[in-house]
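Visitor: I'd like a quick tour of this one, please. Where should we start?

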Amino acid sequence: MNIALFSDSYLPTKSGIVTVVIQLREQLMKLGHNVVLVVPRTTNDYDEYSPDIYQSHSLPLGLGTDQFVANPNMHHLISFLKEKKIDIIHCHSEFGVGKSGLRAARILGIPVICTIHTMWVDFYRYYIPFSKFIKPSVIDHIAISFYRKCSALIAVSSKGKNYYKRPNMIPYMPIVTIPNSIDQDKFMKTPTPAHELEALRQKNNIKPDDVVLLFVGRHGEEKRVFELLTLCKKLVSQRTNCKVMFVGNGPAYEAMVNDAKTEINQGKIIFTGFIPWQEVHKYYELADIFITASLSEMHSMTILEAQMNNLPIVTRKDESYADSVFDGVNGFLTDTDSQLLDKMLELVDSKEKREKFGVESGRIAGTFSIDTYMKRTLIMYEQVIKAFPGKIDEEQVQKMMNV
């Protein structure tokens, strides 16, 4: 097949969507398919020339994000896609580049599908000026006006599918669930040598008996990072044998560091700043427990990465974790932040539970193999192309994937 992936997020920006797009492209090419990318040119010093990457001029979005806004030249884009004889367009965003994917598919007479990566009603209030005056229904309308023009949608968890299948949304639209996956061979080819981990521990003043709790991800308000930081400050005040590491960057980073000055100076809470994706696995290997308070996920890539490293998970209860975190099996799901703190303390105090839950996390991570993900995605492509210009039978295609 000749496949075009459209995304408004791309390198050097680090996000779950960027990871998915790069990983999907590499795996499709490995399987013998021809794949092109349509993405923004994010910075002048990052110009990845390739005859199979169409980089559109873009401008920084601002609004406290590290995203870019692009509006591809449609004449040039159509010529590019015609030359590549594209069979299907797969969008990974709903804005500038994503919208150009819809227009291109219509002009070329080929199917277009979109993966629902973001729950926009949980996101917009933190980054759109005067968002308090914008009703959630307006944001929903913007999203569904894009989705209804697609041939089909991919949901990365039941959360997205159930939300958009509601009677007042797009219940008629075929939505197939394909959970995210991590290419383990690419993420962590081999365990980090013991001396490197020890050097990392010494660099961060982590003692041999310290229990390390880890958060990895975008430091943004939509991830409820301030709520998590408040809990962690209470945690380290109650237990002298633990350290908390926040790995990553984001618009809330500076404010979080300022809020935790005392604990940082005491060496109890550690902020690493941005860490290249290829190096992040070292911090998972260093940790004992993975924590998050986010309720805005669709299907967390960092949860999968943590499970791949046999870490127990402590998080708030949310439908996005329904297939990856099982309460009392590989971690804890809590109804409130106070319960989240209690369960963090419980795991800090029990090495036996940490080890037991960690084993289960590793087992569960195995169910999200990259091979399974690719088989399901290719079934989706094949069935959408076969049914075009009609719609796929959602239930039938889902059953084909679950065999």
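Guide: Let's start with a term: buried means under 20% relative accessible area, exposed over 50%, and partly exposed in between (1.4 Å probe, protein chains only). Helices (H or I, at least four residues) and strands (E, at least two) are DSSP runs, numbered from the N terminus. By the way, this is a predicted model, where local features need pLDDT of at least 70, side-chain atom pairs count only at pLDDT 80 or more, and totals for chains, interfaces and linings use all residues. Residues are numbered from 1 along each chain as its sequence is written, and side-chain values use heavy atoms, with hydrogens and water left out.

Visitor: Are the two faces of strand β14 buried or exposed?

Guide: In a regular strand, side chains alternate between the two sheet faces. In β14 (residues 331-334), Gly331 and Leu333 sit on one side, with Phe332 and Thr334 on the other. Both faces are covered, and all four of those residues are buried.

Visitor: Which residue stands opposite phenylalanine 332?

Guide: Strand β13 (residues 313-316) pairs with β14 in the parallel sense over 4 bridges; pairing takes at least two DSSP bridges between the strands. Facing phenylalanine 332 of β14 is valine 314.

Visitor: Which helix gives the largest share of the largest nonpolar core?

Guide: A nonpolar core is a set of buried Ala, Val, Leu, Ile, Met, Phe, Trp, Tyr and Cys residues joined through side-chain atoms within 4.5 Å. Of the 62 residues in the largest one, Leu214, Tyr284, Phe290, Met380 and Tyr381 touch the most other members. The largest share, 8 residues, comes from helix α15 (residues 370-387), so your answer is α15.
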